Amino acid sequence: MVAFPTEAWFQALVSLINDSDEYREAAAEWEGDIAFLVEAEPDRGLPADVWGLLDLWHGACRGGGVIDAERGREAAYVLRAPYSRWREVVTGELDPIKAMMQGKLKVQGDLPTIVRQVRAANELVELTQQIPTEFPDGA
């Protein structure tokens, strides 16, 4: 089990991305780093905000991991939501594209570009679901 949202969890995702032929094909036109702000929910076991990053480039991930807030704010795209919302995405209970359109995931960056890359986004979500994830609240 890999704890979410930790450096080890993001590194597991980077490895899965780079090993995925499906992602490579789906994201061939994508470029830009994405920061993920997992907002603190102390009552659910996450006492402080956690920023993660994926440096995505034409079907590959050039790196990623837990980063500081300053680096996160510099990313081409920032997706933010409370921890419990991210848990729903990682477990497959919430579709991230629909969540963005409904304002459940806040987006900074060019939303139309993200929406055009729906197949790549779906592949990323499927990859997150392959990580044997342990959540802070035990859910």
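This is a guided tour of the structure, stop by stop, with something to select at each one. The model is predicted.

**Stop 1: the sheet**

Turn on the cartoon view and select the strands β2 to β6. They make an open sheet of five strands. Read across it and the order is β4-β3-β2-β5-β6, with mixed pairing. Which strands stand at the edges? They are β4 (60-67) and β6 (106-108). Each has a single partner strand, so one side of each is left without a neighbour in the sheet. Now look along the sheet for its twist. From one strand to the next, the twist averages 15°.

While the strands are on screen, keep one general point in mind. Side chains in a regular strand alternate between the two faces of the sheet.

**Stop 2: strand β2 and its partners**

Select β2 (31-39). Eight of its nine residues are buried, so the rest of the structure largely encloses β2.

Add β3 (50-57). β2 and β3 run antiparallel and are joined over eight bridges. To see one of them, pick Glu 31: its bridge partner in β3 is Trp 57.

Now add β5. Do β2 and β5 pair in the parallel or the antiparallel sense? The sense is parallel, and the pairing extends over six bridges. Pick Ala 35 here, and find its bridge partner in β5, Val 78.

Stay on Val 78 and step outwards. Its bridge partner in β6 is Gln 108. Strand β5 (residues 77-82) and β6 are antiparallel, with three bridges between them. Val 78 therefore has a bridge partner in β2, namely Ala 35, and another in β6, namely Gln 108.

**Stop 3: helices over the sheet**

Show the helices again. Select α1 (7-18). It lies across β2, β3 and β4, and runs at about 175° to β4. Next select helix α4 (residues 83-90). α4 lies across β2 and β5, at about 105° to β5.

Zoom in on Ser 84, which is found in helix α4. Its relative accessibility is 14%, so Ser 84 counts as buried, the cut-off being under 20%. Setting aside residues up to four places away in sequence, Ser 84 touches Glu 41 and Arg 44.

**Stop 4: where α1 meets α7**

Keep α1 and add helix α7 (residues 118-128). How do these two helices sit? Their axes come within 10 Å and cross at roughly 125°. α1 and α7 are therefore oblique to each other. The crossing is right-handed. Show side chains to see what makes the contact. From α1 come Trp 9, Leu 13, Leu 16 and Ile 17; from α7 come Leu 124, Leu 127 and Thr 128.

Now colour the buried residues of α7. They are Ala 120, Ala 121, Glu 123, Leu 124, Val 125, Leu 127 and Thr 128. Among the elements they pack against are α1, α4, β3 and β7 (133-134).

**Stop 5: Ala 27**

Select Ala 27, in the loop between α2 and β2. Is Ala 27 buried or exposed? With a relative accessible area of 0%, Ala 27 is buried. Select what Ala 27 touches: His 58, Gly 59, Gln 117 and Ala 120, leaving out residues up to four places away in sequence. Ala 120 is also one of the buried residues of α7. Then find Trp 57, which is 30 residues from Ala 27 along the chain. Their C-alpha atoms are separated by 8.1 Å.

**Stop 6: the aromatic cluster**

Finish with the rings. Select Phe 4, Trp 9, Phe 10, Phe 36, Tyr 83, Trp 86 and Phe 135, which form one aromatic cluster. The count comes to seven aromatic pairs.

Look at Phe 4 and Trp 9. Their ring centres are 4.8 Å apart and their planes stand at 85°, so this pair is edge-to-face. Phe 4 counts as buried at 5% relative accessibility. Trp 9 is buried too, at 3%.

Swing round to Tyr 83. The ring centres of Phe 4 and Tyr 83 are 6.5 Å apart, and the planes are at 35°, so the pair is tilted. Phe 4 lies in the loop between β1 (2-3) and α1, and Tyr 83 lies in α4, so the pair ties together parts that are 79 residues apart in sequence. Tyr 83 has 0% relative accessibility and counts as buried.

Notes: Residues are numbered from 1 along each chain as its sequence is written. This is a predicted model: local features need pLDDT of at least 70, side-chain atom pairs count only at pLDDT 80 or more; totals for chains, interfaces and linings use all residues. Side-chain values use heavy atoms; hydrogens and water are left out. Rings of Phe, Tyr and Trp (its six-membered ring) pair if their centres lie within 6.5 Å; planes under 30 degrees apart count as stacked, over 60 as edge-to-face and the rest as tilted. Buried means under 20% relative accessible area, exposed over 50%, partly exposed in between (1.4 Å probe, protein chains only). Helices (H or I, at least four residues) and strands (E, at least two) are DSSP runs, numbered from the N terminus. Two strands pair if DSSP finds at least two bridges between them. Axes are lines fitted to C-alpha atoms, for helices over the stretch in contact, and angles run from 0 to 180 degrees between N-to-C directions. Contact means heavy atoms within 4.5 Å. Angles under 35 degrees count as roughly parallel, over 145 as roughly antiparallel, 65 to 115 as roughly perpendicular and the rest as oblique. A crossing is left-handed if the near helix is turned anticlockwise from the far one by less than a right angle, and right-handed if clockwise.
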